[in-house]
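Good morning, and thank you for the time on today's agenda. I would like to take you through one structure, beginning with a pocket and then turning to strands and aromatic side chains.

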Amino acid sequence: MRLEGVELRRVSMPLVAPFRTSFGTETARDILLVRVVTAAGEGWGECVAMDEPRYSPEYTGAAADVLRRFLIPALAAVQRLDAYAVGPALAPFKGHRMAKAALETAVLDAELRRQGRPLARELGAVHDRVPCGVSVGIMSSVAELLDAVGGYLDAGYRRIKLKIEPGWDVEPVRAVRERFGDDVPLQVDANTAYTLADARHLARLDPFGLLLIEQPLDEEDLLGHAELARRIGTPVCLDESITSARTAAAAITLGAAAIVNVKPGRVGGYLEARRIHDVCAAHGVPVWCGGMLETGLGRAANVALAALPGFTLPGDTSASERYYRTDITAPFVLRDGHLTVPTGPGLGVEPVPEILREVTTATEWISL
């Protein structure tokens, strides 16, 4: 393939309810979509960067800028373009993994659509549906939290993840366990809100039989996570710390991660995400697929990834209605606690034109 042009499209997607974590509250998503056009067809990618650099150094505006000024021109210079050529072509530019992932995904989608092959098959999926968990944000009260968790369990979600921060950790977990019992698969996510000095406090979560505690310390503190893992009984899972297969291998070797959350946008794309899956599988470390409040485009790709054999825990691949009243693709619907893996070529989904127009706030066409 050879690129003819790339469209950068900004869309605004209001959330069905505010989503609060230790780094802030979101009420809407400002999302950057990337559409690549080749002589053989087109493909879509979704950039998962947020509008402010709080979860990671990247943010939506910067992703659009680096794509426009550096990444797209570099890719335009590739004579024989396929998805595996994207990473090497963009490697001279440090960081910006979320922007790179969106561009790589769009190229991969275009390539697979042309070949009539689904993404799930390309990645090595072994399942036709995946079990779904749900991420529950920090609430204003325990009563509100219990109502939310009860609703998600009634809807059929197979695992509950509670966002935590100092002052909202032990008691919410205790309340959920007391109300819904020990059989509910339950985990917590701190989004780097603690330090190693909090180890004794975090050990108070051990009696609740959690699946894991996700990213309790700063993303650069692998040694701190390894030490924390020795001090608490709850398995430590890394999210923000895992940026590549190399960092995953380092974290496992150090004993900093008993479980790994794989987010394709955070690691530079679905090809690197598969490499992380393979590294973890080789070390006997389970993985699960994280979420970044994606639209149906990103959700379709995440579900395909979550169908690989090493993804043995339910991920944050929730139904569309968990976050959006109207998705930009046909909605993903939860059935018996699972989502169906798309079987169409490429991502297996595409935006609904009328809906896409309604939520679009800006477009930019880059001719090559």
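The largest pocket has a volume of about 520 Å³. Please bear in mind throughout that this is a predicted model. Twenty-three residues, or 23 in the count on the slide, line the largest pocket. Nearest its centre lie Arg-97, Lys-100, Ser-244, Val-267 and Glu-272. Which helices supply at least two residues each to this lining? They are α2 (83–90), α3 (97–115), α9 (245–254) and α11 (270–282). Of the contributors, α2 gives the most, with 6 residues. By character, the lining divides into 10 nonpolar, 6 polar and 7 charged residues.

Let me move to the strands. Strand β1, residues 3–21, pairs with strand β2, residues 24–38, in the antiparallel sense, over 14 bridges. Within this pairing, Phe-19 stands opposite Glu-26 in β2. The two strands form a hairpin, with 2 residues between β1 and β2. Strand β2 is also joined to β3, residues 41–47, by 7 bridges, and these two run antiparallel. Here Val-36 stands opposite Gly-43 in β3. Again there is a hairpin, with 2 residues between β2 and β3.

I now come to the aromatic side chains. The structure holds 5 aromatic pairs. One of them is formed by Phe-23 and Tyr-55, a tilted pair at 5.9 Å centre to centre, with 55° between the planes. Why does this pair tie together parts that are 32 residues apart in sequence? Phe-23 lies in the loop between β1 and β2, whereas Tyr-55 lies in the loop between β3 and α1 (60–76), so the contact joins those two parts. Phe-23 is buried, with a relative accessible area of 18%, and Tyr-55 is buried too, at 7%.

Another tilted pair consists of Phe-70 and Phe-93, at 5.6 Å centre to centre and 45° between the planes. This pair links distant parts of the chain, with Phe-70 in helix α1 and Phe-93 in the loop between α2 and α3, 23 residues apart. Phe-70 is partly exposed, with a relative accessible area of 34%, and Phe-93 is partly exposed at 26%.

Phe-19, which we met opposite Glu-26, appears once more: ring pairs link Phe-19, Tyr-323 and Tyr-324 into a cluster.

Finally, two arginines deserve a mention. The charged end of Arg-159 sits over the ring of Trp-288, 5.3 Å from its centre. Arg-179 lies over the face of Phe-180, at 6.0 Å from the ring centre.

Notes: Residues numbered from 1 in each chain as written. Predicted model: local features only at pLDDT ≥ 70, side-chain atom pairs only at ≥ 80, totals over all residues. Heavy atoms only, no water. 1 Å grid on protein atoms, 1.4 Å probe; cavity = no way out; pocket = protein on both sides within 12 Å on 5 of 7 lines; lining within 4 Å. Points joined across faces, edges and corners; volume = space filled by probe spheres on them. Helix = DSSP H or I, 4+ residues; strand = E, 2+ residues; numbered from the N terminus. Nonpolar A, V, L, I, M, F, W, Y, C, P; charged D, E, K, R; others polar. Pairing = 2+ DSSP bridges. Phe/Tyr/Trp six-rings, centres within 6.5 Å; stacked < 30°, edge-to-face > 60°. Buried < 20%, exposed > 50% of the residue type's maximum accessible area, 1.4 Å probe, protein only. Lys NZ or Arg CZ within 6 Å of the ring centre and 35° of its normal.
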